[in-house]
Amino acid sequence: MATGIQLGFVTKPDRPFLPDINDFPSKIGGKPVWLNPEYPLDVESVRCGVCDKPMVLLIQLYAPEDVPAEAYHRCVYLFCCKNGKCHKESQEKSFKVFRSQLPKINKYYPEPQTLPAGQYPKDVKVAPLCRVSGFLGSKQCSKCKSENYSCRDCQIFHWNNAYHKKICCNSNEKEALILMQLETKALEGYSFPEFELVSEEEPPADVLKENAKFDISKYSKAIDPSVLKDFNVNEEDCEDTEVDVDKAFLKFEKRIAREPSQILRYARLHYNQEDAEPLWVCQDNKPTEIPNCPYCGSKCTFEFQIMPQLLNYLNIDNMNPNSLDWGTVAIYTCNANCQPKDKHYMEGFVFHQHFSNDGLNKRFKAIDIKQKIESGALTKEEIERIMKMKKEKDAAKAN
């Protein structure tokens with residue numbers, strides 16, 4: 001039986017990401033491809049609430065809907081601060097999501113579509129874009145006047161980190177060509193790596209990949225003693241006669257075992273159906289209340305979530321204790337797809353959930369120490385703290 005859930009997977013793009021309305025890109029990373037070429041998002045709307053630096057695109061998802069007519073073309077943009085330290089300080093301030101939409105009949109994409117992708121009718125005033133971030137480029141390089149920027153942060157990055165200081169007004173064509181190649185590489189490093197996002201329907205429960213059968217018994221196995229000996233912990237410390245693994249996590253693991261490489265779950269249901277629910281990674285730390293749409297007051301409902309597997313594609317330094325991390329990130333948008341007058345981007349609600357620090361972690365983190373040591377995700381001090389918490393729990397039970 002079909003689940004009604006669409007799963008997203010990463011693939012290498014086989015074409016440039018252009019605003020082709022017949023095949024509008026859904027993608028990860030890179031610069032945003034704006035549905036509305038006349039009104040790209042202003043960078044001031046997506047500054048991190050902790051460090052005040054511009055966020056970068058994490059995912060854009062082309063998700064058209066039938067109701068209302070204004071949502072015939074619809075794209076959801078999820079932005080993220082690249083600094084994991086900001087996420088630890090405030091999850092709410094380090095993600096932002098916006099939707100942009102257009103009716104079927106609009107001045108940018110006439111029907112029938114006769115113009116090549118990326119070209120618009122002559123009466124459309126295409127806004128300049130920032131060379132670095134892809135947001136509205138309202139500023140210019142004061143020297144060459146040929147590069148646009150969204151803010152001073154991007155201008156400084158381009159000048160100092162992306163070789164524009166040497167390229168700007170450089171009359172040596174050979175040297176400029178080499179520098180421009182270096183510039184392209186440096187600019188790619190500003191954003192997350194760019195991939196295409198493709199989707200397929202989630203398989204039913206009885207269809208599991210043969211190499212990904214869910215095995216609950218792994219949660220009762222002890223750690224390899226050779227891994228633990230350097231940390232002064234015993235194999236027995238990781239054993240437990242009780243099945244105290246977070247039930248939500250077990251459900252999460254069992255469900256994603258159908259397609260282990262999924263990086264996104266899309267669950268926007270039809271309007272006459274019950275609201276969908278995210279696949280949570282832990283029992284605790286769920287949102288107690290989802291705010292209503294700030295523009296029309298309608299209910300904001302769950303649309304999609306990103307999975308921890310996405311982190312594998314973002315060039316994250318796992319040796320850095322402040323690297324970006326999450327269990328899942330759930331996106332809620334206005335169920336009415338309202339279109340306020342003279343508003344081009346409507347903000348939604350983002351909820352960031354980490355893996356549990358209670359129940360699951362005392363067992364799962366201990367059992368998973370070997371893998372996390374190999375990946376550099378846990379320090380010696382963190383491992384010792386986990387084992388200390390386990391011992392304290394056992395002592396409390398004994399008393």
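**A walk through the salt bridges, strands and helix 2**

1. D14, R15, D23 and E196 are joined in a network of salt bridges; a salt bridge here is a side-chain nitrogen of Lys or Arg within 4 Å of a carboxyl oxygen of Asp or Glu. One pair in that network is R15 with D23, whose side chains meet at 2.9 Å, N to O. R15 is partly exposed at 29% relative accessibility, and D23 is partly exposed too, at 40%. For these words, buried means under 20% relative accessible area, exposed means over 50%, and partly exposed is in between (1.4 Å probe, protein chains only).

2. Before you go on, please keep in mind that this is a predicted model, in which local features need pLDDT of at least 70 and side-chain atom pairs count only at pLDDT 80 or more, while totals for chains, interfaces and linings use all residues. Residues are numbered from 1 along each chain as its sequence is written, and side-chain values use heavy atoms, with hydrogens and water left out.

3. How many salt bridges does a search of the whole structure find? The search finds 17. Among them is the one between K53 and D153, at 3.2 Å, N to O. This pair links distant parts of the chain, 100 residues apart: K53 is in the loop between strand 2 (27–28) and strand 3, and D153 is in helix 2. Helices (H or I, at least four residues) and strands (E, at least two) are DSSP runs, numbered from the N terminus. K53 is partly exposed, with a relative accessible area of 45%, and D153 is partly exposed at 23%.

4. Now look at R74 and E303, whose side chains form a salt bridge at 2.8 Å, N to O. R74 lies in strand 4 and E303 in strand 10, so the pair ties together parts that are 229 residues apart in sequence. Are these two residues buried or exposed? Both R74 and E303 are buried.

5. Strand 10 deserves a second look: 7 of its 7 residues are buried, so the strand is largely enclosed by the rest of the structure. Strand 10 pairs with strand 9 in the antiparallel sense over 3 bridges, and with strand 11 (residues 328–334), also antiparallel, over 6 bridges. Two strands pair if DSSP finds at least two bridges between them. Try finding Q305 of strand 10: Q305 is the bridge partner of R265 and stands opposite A330 in strand 11.

6. Which residues of helix 2 (residues 152–160) are buried? They are C154, F157 and H158. Seen down the helix axis, the buried residues fall within an arc of 95°, so they line one face of helix 2; the arc is that of the directions from the helix axis to the C-beta atoms. On the other side of helix 2, R152 and N160 are exposed. The cover over the buried residues includes strand 7 (148–149), helix 3 (164–167) and helix 4 (173–190), where contact means heavy atoms within 4.5 Å.

7. Finally, some backbone details to check. A cis peptide bond joins V67 and P68, with omega about -5°, and P68 is in the loop between strand 3 (56–62) and strand 4 (73–80). Another cis peptide bond joins E111 and P112, with omega about 0°. Y163, in the loop between helix 2 and helix 3, has a phi near 70°, a positive value in a residue other than glycine.
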